[in-house]
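Here is a small set of exercises to work through with the structure open in your viewer. Try each task before you read its solution.

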Amino acid sequence: MARRLALHYVPRPSPVHRLDARTKLFAVLAVTCALLRPAGPVFAVATLGLSGVVMAARLPWNLLGRTVRGWLPFLVGIFVVQAFSPAGMGPADLSPAPSTASAVQEGLAFLGSFFPPDAVVRALLTVWRLLLMVLWAVVFTAVTRPRDLQDAVLWLLRPLPFLPARRIAVMAALSLRFFALLLDDLEEIRLARKARLGDRRRNPFHGLRTTVPALFRKALARTESTALALAARGYREDLPARVPPWPLNQATGVCLLAAFLAALHLF
Amino acid sequence: MPLESIRQMVLVCLMTALTAVGAQIAVPIGPVPMVLTNLFVLLAGLLLGPRRGAAAMGLYLLLGAVGLPVFANFKGGFAHLLGPTGGYLLGFVGASWIAGAVSHPKPNRFADILAVILGTLVIYAVGVPWLKAVTGMTWAKTLAVGMLPFLAGDAAKAAAAVMLAWSIRPALVRHMPVVSA
């Protein structure tokens, strides 16, 4: 099961991949903020920009396709709810179609009374906007190594005195290690339950009651051994976390992008 | 660094990992399988207290943000934090904190039940306005999409979190007397 822990980073020798993680992070945040307020030029720039970045980064287009498939049920739900307008169900909207009209036309007219064209256009724009936000973030994750992003997050957190950067880095690594181990533990518990014919019981809460406490007990045993191992190896936190400086030209580029997107809202 | 601090740090990591595992456990109830993320979010607060519970959830969000597949169905990445569901995820930190703050000073059954109710409400209090802001829907439609369909499932998960907390707490006390004190 832990094999499914493949990272979502897609390695490619491209200039987009070589950009500093902070540059990409702030650029994506700027685009997302710009998309929060709907405006035609912003949609166009964000869509064209996304296509340009995907091509420049040599990412496979099916990466975007897979993402769209994953989000499809949610987006369809948003579209239907947004486009559905009970106000359109009044008597005027349900006037009978001309006698020569076909059944298809009648059906369309009936549907149109529930989904008025302006509401459908508004719903389509909302779905497009959401899709752009999601796809920009997916591209960002695909072109940024987790280690680089972790450094960027540490750089962001470093000014906060109550958040120890080194401890966060160690905890992130430990959590990931535990995640893989616990997935294997979960699989082991599931097989043990199956061997005892526990999977034949239809009540899902019975499954929860037998699985989760067993998982916790295994996890607690791991806690103790890991803590002792860390202490035995002399774990210390007073060593500084080294994060490379943010290149000035890239920081300037992000500021220009943010200013450009803000200007698009004005015109 | 003292062993007790290391132990507590490891326990927070473990709760983060358990939340990530919980996001992959699908319970077949209704047309859409229910994942157990919320259950572990509330359990983190009930078992670890407000500070460590919130820290575990903050770490969970950090791992998800950097693209590690810790969210439901082995997904990860910024899309989940910046997209329409981002508010619910950010609400996990507040939910865990409030669940811990209500239940931890004096763990008893009434406090645990109140803690999970308030924790669940915090998730909606952050998630629903976020969903409304991102999608631009009306309040009625946002509630219809982002809250009402999940209320029954979340109530079941909150009840399960309370029952699991009662059964796991003795084991936690045996392993980590200082954490659970």
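## Exercise 1: An unusual backbone angle

A:Arg58 is partly exposed, with a relative accessible area of 49%. Keep in mind throughout that this is a predicted model.

**Task.** Find where A:Arg58 is located in chain A, and work out what sign its phi has.

**Solution.** Begin with the location: A:Arg58 belongs to the loop that links helix H3 (40-56) to helix H4 (61-83) of chain A. Next, recall the background: most residues other than glycine have a negative phi. Now read the angle: A:Arg58 is not a glycine, yet its phi is positive, at about 55°. Finally, check the accessibility class: exposed would need over 50%, so at 49% A:Arg58 is partly exposed.

## Exercise 2: Two chains, two make-ups

**Task.** How many helices and strands are there in chain A, and how many in chain B?

**Solution.** Take chain A to start with: ten helices and zero strands, giving the order α-α-α-α-α-α-α-α-α-α from the N terminus. Then take chain B, with nine helices and two strands. From the N terminus, the order in chain B is α-β-β-α-α-α-α-α-α-α-α. As a last step, look at burial: chain A has 267 residues, of which 39% are buried, while chain B has 181 residues, of which 60% are buried.

## Exercise 3: Helix lengths and ends

**Task.** What span should the 16 residues of H2(A) have at 1.5 Å a residue, and which residue caps the N-terminal end of H6(B)?

**Solution.** The expected span is 1.5 Å times one less than the number of residues. For the 16 residues of H2(A) this gives 22 Å, and the end C-alpha atoms lie 23 Å apart, so the two agree. Now look at the start of H2(A), where a side-chain oxygen of A:Asp20 comes within 2.8 Å of the backbone nitrogen of A:Arg22. Along H2(A), the buried residues include A:Leu25, A:Val28, A:Val31 and A:Leu35.

Turn to helix H6 (residues 109-135) of chain B: its 27 residues should span 39 Å, and its end C-alpha atoms are 39 Å apart, which agrees. The N-terminal cap of H6(B) is B:Asn108, with a side-chain oxygen 3.1 Å from the backbone nitrogen of B:Phe110. After H6(B) comes B:Gly136, with a positive phi near 75°.

## Exercise 4: Far in sequence, how far in space?

**Task.** How far apart in space are B:Gly49 and B:Pro105, and how far apart are A:Leu215 and A:Leu186?

**Solution.** Start with B:Gly49, which sits in the loop between H2 and H3 of chain B. B:Gly49 counts as buried because its relative accessibility is 1%, and buried means under 20%. From B:Gly49 to B:Pro105 there are 56 residues in sequence, but 8.3 Å in space between the C-alpha atoms.

Move on to A:Leu215, a residue of helix H9 of chain A. A:Leu215 has a relative accessible area of 0%, so it is buried. A:Leu215 and A:Leu186 are separated by 29 residues in sequence and by 6.5 Å in space, C-alpha to C-alpha.

## Exercise 5: An enclosed space

**Task.** How many cavities of 30 Å³ or more are found in the whole structure, and which helices each supply at least two residues of the lining of the largest cavity?

**Solution.** The search finds one cavity of 30 Å³ or more, and the largest cavity holds about 60 Å³ of space. List its lining: A:Phe216 and A:Leu220 from chain A, with B:Leu11, B:Leu14, B:Met15, B:Leu47, B:Leu48, B:Ile168 and B:Leu172 from chain B. Assign these to elements: helix H9 (204-232) of chain A, and helices H1 (3-22), H2 (37-48) and H8 (151-175) of chain B, each supply at least two. H1(B) has the largest share, with three residues. Sorted by class, the lining has nine nonpolar residues, no polar ones and no charged ones.

## Exercise 6: A pocket between domains

**Task.** Why does the second largest pocket lie between domain 1 and domain 2 of chain A?

**Solution.** Note the volume, about 840 Å³. Then count the lining of the second largest pocket: 27 residues, with A:Leu157, A:Leu163, A:Ile168, B:Ala55 and B:Leu59 nearest its centre. H3(B) contributes the most to this lining, seven residues. By class there are 21 nonpolar, three polar and three charged residues. Now the conclusion: domain 1 (2-158 + 244-266) and domain 2 (165-232) of chain A both give residues to the lining, so the second largest pocket lies between them.

Key
Residues numbered from 1 in each chain as written. Chains lettered and ligands numbered in written order. Predicted model: local features only at pLDDT ≥ 70, side-chain atom pairs only at ≥ 80, totals over all residues. Heavy atoms only, no water. 1 Å grid on protein atoms, 1.4 Å probe; cavity = no way out; pocket = protein on both sides within 12 Å on 5 of 7 lines; lining within 4 Å. Points joined across faces, edges and corners; volume = space filled by probe spheres on them. Helix = DSSP H or I, 4+ residues; strand = E, 2+ residues; numbered from the N terminus. Nonpolar A, V, L, I, M, F, W, Y, C, P; charged D, E, K, R; others polar. Domains from an automatic or database assignment. Buried < 20%, exposed > 50% of the residue type's maximum accessible area, 1.4 Å probe, protein only. Polar contact = N/O pair within 3.5 Å; in protein donor to acceptor, adjacent residues only side chain to side chain.
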